[in-house]
Amino acid sequence: MDRITTSGLHMPKLGLGTWPMSGSGCTDAVLRALAIGYRHIDTAQMYGNEAEIGAALAQTDVKRADIHVTTKVSREFLAPDAMRRVAEESLRKLRLDYVDLYLIHWPAAGMDVQRAMESLMRLQAGGLAKHIGVSNFPVALMRRCIEEARAPIVCNQVEYHVMLDQTKVLAYARAHGIAVTAYCPLARGNLGEVEALARIARKHGATPAQIALKWLLDQDGVAAIPKASRAANQQENWDAQKIVLDGEDRAAIAALPKSRRIVNPAAGPKWDEAA
Ligand code: NAP
């Protein structure tokens, strides 16, 4: 399994997304994924399923040190004391002493970047998070984290798939040793009707979802966290790692329209800013 190694982070490129899994179905799905070989689990305070993931982590035979766990703090809790309280609560639910990666889930409008980064850095210094990072941060905000706050962020988790351009975020992240984790890597499972993907899939005896996933996993510094509750989908996504795309495949995917943003809440950041 390929990993991203940067600034001490050693994160498997393929992870399991868990939103909106809940209840025992979530615990079972995480256990199934661990049995297949997944070693990277993505959750968040906001998903309300950390306890169910904690139950899976408590049951599995896989060693803690071999599993990468990411969770995220909601933007209402960016002050140091609030973030500490929320992080401790996440750890209690996950039944862990530390998470591998702790992210700010969404930037808050007019947020005090310096203070939020200090909150993250305190958690890291206290051993609650091995690594810290952000999610849904456009380049201008990443720049403030790195250049103003001097925070050692190692990851930005953003929507990224074959139908969405992320050139600017990727360029800044790569230049600063920051991993990019692609969420909605399968565009929520709606890729079957994209003719170019279907054609490439036929050529490789694969599915359009597998092609879309492998296109992401092939990129430097990019991880992907497809959510799959169904065993067959988890296995299919795992098997995508074996596909070998060629230049013709990559050119066809590059030519797809790239403006389909699926997750774009009114309170979200402005993505069309000049970088
Ligand atoms: P996604 O992973 O692109 O799509 C998930 C959907 O695709 C599910 O309906 C799943 O079905 C289906 N699927 C999985 N594998 C498939 C396959 N091989 N073929 C066909 N369909 C397949 O979208 P997402 O769940 O929105 O994103 C993934 C993860 O990213 C989330 O679970 C979450 O952990 C994270 N996320 C983060 C943010 C953020 O703001 N940071 C935002 C959104 C998501 P089944 O479940 O039925 O198998």
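Modeller: On a 1 Å grid over the protein atoms alone, a cavity is a set of points where a 1.4 Å probe fits but cannot get out, while a pocket is an open set with protein on both sides within 12 Å along at least five of seven lines; lining residues have an atom within 4 Å of a point. This is a predicted model, where local features need pLDDT of at least 70 and side-chain atom pairs pLDDT 80 or more, while totals for chains, interfaces and linings use all residues. Residues are numbered from 1 along each chain as its sequence is written, and side-chain values use heavy atoms, leaving out hydrogens and water.

Biologist: OK, so which residues line the largest cavity?

Modeller: Thr71, Ala87, Ser90, Leu91, Val99, Tyr102, Leu123, Leu128 and Ala129. The search of the whole structure turns up 1 cavity of 30 Å³ or more, and the largest holds about 30 Å³ (the space filled by probe spheres set on points joined across faces, edges and corners). H3 gives the largest share of that lining, 3 residues.

Biologist: How does the lining of the largest cavity divide by class?

Modeller: Ala, Val, Leu, Ile, Met, Phe, Trp, Tyr, Cys and Pro count as nonpolar, Asp, Glu, Lys and Arg as charged, and the others, Gly among them, as polar. Here you get 7 nonpolar, 2 polar and no charged residues.

Biologist: And where does the ligand sit?

Modeller: In the largest pocket; "sits" asks that more than half of its atoms lie within 2 Å of the grid points. That pocket has a volume of about 750 Å³. Its lining has 32 residues, with Trp19, Cys184, Pro185, Arg188 and Lys227 nearest the centre. By class, the pocket lining has 16 nonpolar, 11 polar and 5 charged residues.

Biologist: Which residues come nearest to the ligand?

Modeller: Asp42, Leu186, Arg188, Lys227 and Ser229, out of 28 around the ligand (a heavy atom within 4 Å). Helix H9, residues 231-239, gives the most to this shell, 3 residues (helices are DSSP runs of H or I, at least four residues, numbered from the N terminus).

Biologist: What lies 3.0 Å from a nitrogen atom of the ligand?

Modeller: A polar side-chain atom of Gln157. For a pair with the ligand, a polar contact means N or O atoms within 3.5 Å. Asn237 also has a polar side-chain atom 2.9 Å from a ligand nitrogen, and a polar backbone atom of Ser229 is 2.8 Å from a ligand oxygen. Overall, the protein covers 88% of the 910 Å² of accessible area that the ligand has on its own (Shrake-Rupley, 1.4 Å probe).

Definitions and conventions: Polar contact = N/O pair within 3.5 Å; in protein donor to acceptor, adjacent residues only side chain to side chain. Helix = DSSP H or I, 4+ residues; strand = E, 2+ residues; numbered from the N terminus.
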